[in-house]
Amino acid sequence: MCIKGGGYVRVKRVRGTAVAAALGVVAVLGFQSVANGTGAEEAHNPGGQRAGAGLYSAATGKNGPVKSEVHKLALKNEGRGEASLSRRTTEPFGMLGVSWPDAHAAVEGTIEARTRSVETGEWSDWITLEPYRPGLDGERPTERGSTEPVWVGRSDGAEVRVGDGAASGTLPAGLRLDMVDPAAGYGKAPIGAADAEPAAFAAPAVDPGPPSTVPQPPVVTRAEWGADESLNNEGPIYLEGGVIKAVFVHHTTDGTYNCADSAAVVRALHVYHVKTNGWRDLGYNFLVDKCGKIFEGRQGGIDQPVMGAHTYGFNSQSTSVAIIGNYTDAGAPSAALEATARMAAYKLGQYGGDPAGTTTLLAGATQKNYAGKSFTAGQSYTFDQISGHRDGFNTECPGMQLYPQLPAIRTLAAGPVQGLKVSSVGGGAFAVDSGYETPGPVTVNWSTTTPSSLISGFELLVDGRTVNNVAGNARSASTTLLPGSHKVAVKAVHQSGKATTTAAVNVNVPSPKKFVPVTPQRLMDTRVGLGVPKAQVGPAGVVTLQVTGANGIPATDVGAVVLNVTATHVSSTSFVSVYPDGTTRTSASNLNVVQGQTVPNLVVVPVVNGRVSFYNNAGTLDLIADITGYFTSAGEGSTHVNLGPKRVMDTREGLGVPQAQVGPEGVVTLQVAGVNGVPAEGVSAVVLNVTATRVSATSFVSVYPDGTTRTSASNLNVKQGQTVPNLVIVPVVNGRVSFYNNAGTLDLIADITGYFTSAGEGATHINLGPKRVMDTREGLGVPQAQVGPEGVVTLKVAGVNGVPAEGVSAVVLNVTATHVSATSFVSVYPDGTTRTSASNLNVVKGQTVPNLVIVPVVNGKVSFYNNAGSLDLIADITGYFRR
């Protein structure tokens, strides 16, 4: 609770409106702790909710006066220094106190009361009421002696007992219980609705106060909390010289209220101190509830230097903010600290003050503060510009736990922004050991411990230059970076103008890459220990393969490699993800397998640290990887040209090769250069979707450059009766490519989707991901629904997920079909074009089948067609080609 003192001296008129007070007056508006059944535990819990919480909230926010009533019941003098009010039913009320006519008469003993809750019907514990000192709002002829008021919530019963502690003691005459109902007029016509004189109910108009260096926070005005201005017919007093040099922080020693009732609490305070105590008005300039709502207190104007009655001896150069609550045993909530800081910063900012600075105040009284420091009237003393009540007066106020929070309030009010740091970088960027890598687009995310309301804005800095400005409530900003290495940081500007900048993060944008084909070559085989240790990959296991600096792959400037990855000896249902080493694995996957399967899939995977990693989700399996080329920013290389999709070979019909199945150890050779729109010269590799069907026995198929020696690398693995597709990027020698079948007989089909040329007119490759961009199971990228028979879904790929809006010729997608209800095929083709007979996935009921697709982009979108039954489709992007 706050200890009190009083007295003032009137001096000359200021600003032509009222009289200033040089001495200053203290009015400590205290609430005692427990009522309406509240025990000790709740009394010490500032966040607790009192019984009957919210019952007064309906009368709040009506933007006009709410009639309040003070019900009075005389106490019976029992003699021997005792008085009482027997337990009884009363008119409804929310606040109470005991008063007597002679303000200077003292009660040496105890004054206690208890109440009955309207909501629960239960009686509270006994509440001790502390007497006020006289003269808290100056020497006033109407002043009564009284206790501090107690907020008890909506109640309809009361009992009081008084004892002065002496057997033959004498109590003041005229003791009575004052009970304030702060919503007595709710639902009735507003005060003065018919014949009111508005000038009698409001402070006289004054010139606007000086502008502040910071924004004014939202404040619940006296009209909004329902102040009955007919009680305030004296008008406000303004500070001499009209300058606020300090803000004193207070508490009110009651925390067991509901924030919905905060306006009623303030309204009850107003009525009690005017009607019961005979004061001019509320003592505090502003009040803040524990939820962070700010209320206008003493009349005179939010933007004005209103003279309050809050810190005895120092009122003439200061203003006040009281946090409603008892902060003796627990600190104030962060919302209340934030609101207090905003209000203090606004008021000090009107007069060039610094919330983190100090000032000198002229003492209006000779006294000591809580720490024992002596003040002599007429002398000046140094104060923090945001101080606690105890700094100027001998009181615990603003509470033993709130006082240590004053430095936090000063920091919030003064700045700079605290705890600012970059939390992540996304928008197309992925983490690498040295920072982040992105194809260009980047979204920077950050966090801070300073509330948004105190932040003017943020700036996204690239290499020290501002590239984007966002509001103070933003926590991310985006931009597009040019190729090269960049330092990216975030600058926060506090409302005070002070700036804070995060540590810079490294973000690299690789140069566009050209393709260099290589003769298919095996780089990894866990069965024999090639490239990695000889061991199966277990559940949640990872193996990492060095791909640069060996096997003809350069040691530097390699942005991505093209690998045909095969899973075999599979012990259970699982999936395999291939991703850049040193990055965080995403939800994207490349192979989906079940027990006993051998499944291949082409992978275009970015290279970080010269390595790529392979993750197995469940069970055990062996992994094999064959390289067919890489993308580099150095040397000549080839660029990509879209073509098709178009069928160029079918052994079933004699398209491109003789009409005949391919037998055991059989080879067919396809002319690819100079036909089907492929140039006769300068073609280094072709992109083919190869499908094996009508398979008579377990076998594998290898696709390799004509005129070269076939290696152990393979592209498809098949069993009798299967239809299996796989994407192949195969070097072109002599203008042709060859297809080898190991065992049994089968038919082969090839659909071309593009080629790589050394002529330079094509598109270069940009790494991206791997990142999931479509999932019909979840509604990612497309509606949440299976794709039915002859159904088509269209995915926007340009301008989203880190892909540029313009200039994209093709995207690299790993497409997976799952939840398949019937034998079908899936075709992926450019939006806005006629679908051809080419297909990308072949599925049967119950299968989950992935395949890599390099699909041209038209209209910024690509389409997915399902031939029969229903299925779900998933797409993960690993890169794109840009002209």
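# Notebook: aromatic pairs, a strand, a helix and a loop

I began with the surface: the accessible area of the protein chain is about 31400 Å², and carbon and sulfur atoms hold 49% of it. I note here that the model is predicted. Next I looked up burial, and 59% of the 883 residues of the protein chain count as buried. The secondary structure of the chain consists of 6 helices and 53 strands. I then took the contacts with a separation of 6 or more; 79% of them join residues 24 or more positions apart.

**Aromatic pairs**

I describe each pair by two values, the distance of the ring centres and the angle of the planes. I took 6.5 Å between ring centres as the limit for a pair. By this rule I have 15 aromatic pairs. I looked at W446 and F458 to begin with: their ring centres are 5.0 Å apart and their planes stand at 50°, so I log the pair as tilted. The tilted class applies because 50° is neither under 30 degrees nor over 60. W446 belongs to strand β23 (residues 441-447) and F458 to strand β24 (residues 455-462), so this pair ties together parts 12 residues apart in sequence. I checked burial for the two, and both W446 and F458 are buried.

I went on to F700 and Y740. Their ring centres lie 6.1 Å apart with the planes at 50°, so this pair is tilted. F700 sits in strand β41 (residues 699-705) and Y740 in strand β44 (residues 736-741), so the parts tied together are 40 residues apart in sequence. Are F700 and Y740 buried or exposed? F700 has a relative accessible area of 22%, so I enter it as partly exposed. Y740 has 7%, so I enter it as buried. The cut-off I used for buried is under 20%.

I also found a cluster: F248, F314, F375, Y381 and F383 form one aromatic group.

**Charges over rings**

Which charged residues did I find over tryptophan rings? R87 lies over the face of W123, 4.4 Å from the ring centre. R161 has its charged end over the ring of W126, at 3.9 Å from the centre.

**Strand β39**

In a regular strand the side chains alternate between the two faces of the sheet. I looked for this in β39 (residues 666-671). G666, V668 and L670 point to one face and are buried. V667, T669 and Q671 point to the other face and are not buried. I then traced the pairing: β39 runs antiparallel to β44, and 6 bridges join them. V668 has F739 of β44 as its bridge partner.

**Helix α6**

I listed the buried residues of α6 (residues 406-414): L406, I409, R410, L412, A413 and A414. What covers them? The cover includes β11 (246-251), α4 (334-349), β18 (380-384), β19 (386-388) and β27 (484-494). After the helix I came to G415, where phi is positive, near 80°.

**A103 in its loop**

Where is A103? I placed A103 in the loop between β5 (82-100) and β6 (110-117). Its relative accessible area is 10%, so A103 is buried. I looked up its contacts, leaving aside neighbours within four places in sequence, and found P134, E143, R144 and G145. For one of these, E143, I also noted the C-alpha distance to A103: it is 6.1 Å, with the two positions 40 residues apart along the chain.

Note on methods
Residues are numbered from 1 along each chain as its sequence is written. This is a predicted model: local features need pLDDT of at least 70, side-chain atom pairs count only at pLDDT 80 or more; totals for chains, interfaces and linings use all residues. Side-chain values use heavy atoms; hydrogens and water are left out. Rings of Phe, Tyr and Trp (its six-membered ring) pair if their centres lie within 6.5 Å; planes under 30 degrees apart count as stacked, over 60 as edge-to-face and the rest as tilted. Helices (H or I, at least four residues) and strands (E, at least two) are DSSP runs, numbered from the N terminus. Buried means under 20% relative accessible area, exposed over 50%, partly exposed in between (1.4 Å probe, protein chains only). A charge sits over a ring if NZ of Lys or CZ of Arg is within 6 Å of the ring centre and within 35 degrees of the ring normal. Contact means heavy atoms within 4.5 Å. Accessible areas come from the Shrake-Rupley method with a 1.4 Å probe; for residues, only the protein chains shown count as cover. Two strands pair if DSSP finds at least two bridges between them.
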